[in-house]
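Q: Could you take a close look at one helix for me, and at the nonpolar core it belongs to? I'd be glad of a connected account.

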Amino acid sequence: MARHTIGPRPFGRRAARTAGTSRMCVPVALTPPIKPMLAEARRDLPPEGALPGGLVFEPKPDGFRAIVFARPGLVMVQSRRGADLTASFPDIAEAAAAVAEEDLVLDGELVVAHEGRLDFIELQHRARRRGRNAIQAASEKPAHLVVFDVLQLAGAELLELPYSGRRGRLEDLFARDTLKAPFTLCPATTDRRQAQDWLDPSWGTVGIEGVVVKGQSQPVLLDQRAWVKVRSRTTVEAIIASVTGSVDNPTTLLLGRYDADGRLRLVARTTPLPTAMRRDLASRLDRGGPEHPWTGRRFSAGWGTQAELHHQPVRPELVAEFLADTAVDAGRFRHPVVFQRVRDDLAPDDIPLMER
């Protein structure tokens, strides 16, 4: 199987043409790495007419963004940031090799299903494996690519086509069984009520973390945030157990829950607190003593970083209500959450135990 090693050259297109030849006459091929079109985060679905040509809605699976190149002499699974994931996902690479004669570039979301839902942790485990381990993992926990766009077909890039034109070509590839498992077609609808339904937190329990909104007339704008992403959100409670900054001027809150063994476990970190909330919390928080279970504990500053988070434990007596999306891994919220208020009507003992 042919592989492509990403070098330091800039992303973009490779024109299969000679000097002075018009692009309209000769196909243009996309060359990895490319920086895909992105979405701007919003709290709510945009109004009708907010994007060119009218709105179309797609569910956002909980996975890795991936660009798959499938052409003679080049089979590659590229991450959003340009990394070569081909060796980690031999099942996807094999499926791409089988359709290489179609000369395709597909845009989608890599996912792994486990125990009835899309499992981000299992997907991360797969992304770290190589060689025989990757082949075994592909057999035990197969991946799928939820395809939502086709960027190249028959060797010609389709970036200037409107979404509706690219979508029609993509649906035809599935209708003709050119694309089949492990490729799967991402649902799409113009029905706003369906999009609102996808935002219900119940969809989060199976791994749908929100909705991506696109314009029917939009071309592909590489490396631009021209779509809209709305995450499914729900309110949750946890114990305020530590802060960044200082107890007198907390910057963010570290929130915890007890597990079945009585250990206080980190479940979330908030976004930076507004000034008024900092003042109110400073008057209510007490510094934790040496007996605090998090005294001396080290936490990562965020997903995918080795940086250490400096924090100050506080007495775990107050319960916080916060707004969170549905990306939860083993009981811990993957993204920063938004503090709403202190729940004076709840005590730490009222908070459900953390999942194992």
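A: Happy to; here is a walk along helix H4 and into its core. This is a predicted model, in which local features need pLDDT of at least 70 and side-chain atom pairs count only at pLDDT 80 or more, while totals for chains, interfaces and linings use all residues. Residues are numbered from 1 along each chain as its sequence is written, and side-chain values use heavy atoms, without hydrogens and water.

Helix H4 (163-175) has 13 residues and reaches 18 Å from its first C-alpha to its last, close to the 18 Å expected at 1.5 Å a residue; that span is 1.5 Å times one less than the number of residues. Helices (H or I, at least four residues) and strands (E, at least two) are DSSP runs, numbered from the N terminus.

Buried in H4 are Tyr163, Gly165, Arg166, Arg167, Leu170, Leu173 and Phe174, where buried means under 20% relative accessible area (1.4 Å probe, protein chains only). Their cover includes strands E4 (55-61), E7, E9, E11 (183-185) and E12 (208-215). After the helix comes aspartate 177, with a positive phi near 65 degrees.

Now the core: a nonpolar core is a set of buried Ala, Val, Leu, Ile, Met, Phe, Trp, Tyr and Cys residues joined through side-chain atoms within 4.5 Å. The largest one has 29 residues, and Phe89, Leu106, Leu110, Leu145, Leu179 and Phe183 touch the most other members. H4 is among the elements that give two or more residues to this core, as are E7 and E9. Apart from it lies another core of 22 residues, including Val243 and Phe322.

Note on methods:
Buried means under 20% relative accessible area, exposed over 50%, partly exposed in between (1.4 Å probe, protein chains only). Contact means heavy atoms within 4.5 Å.
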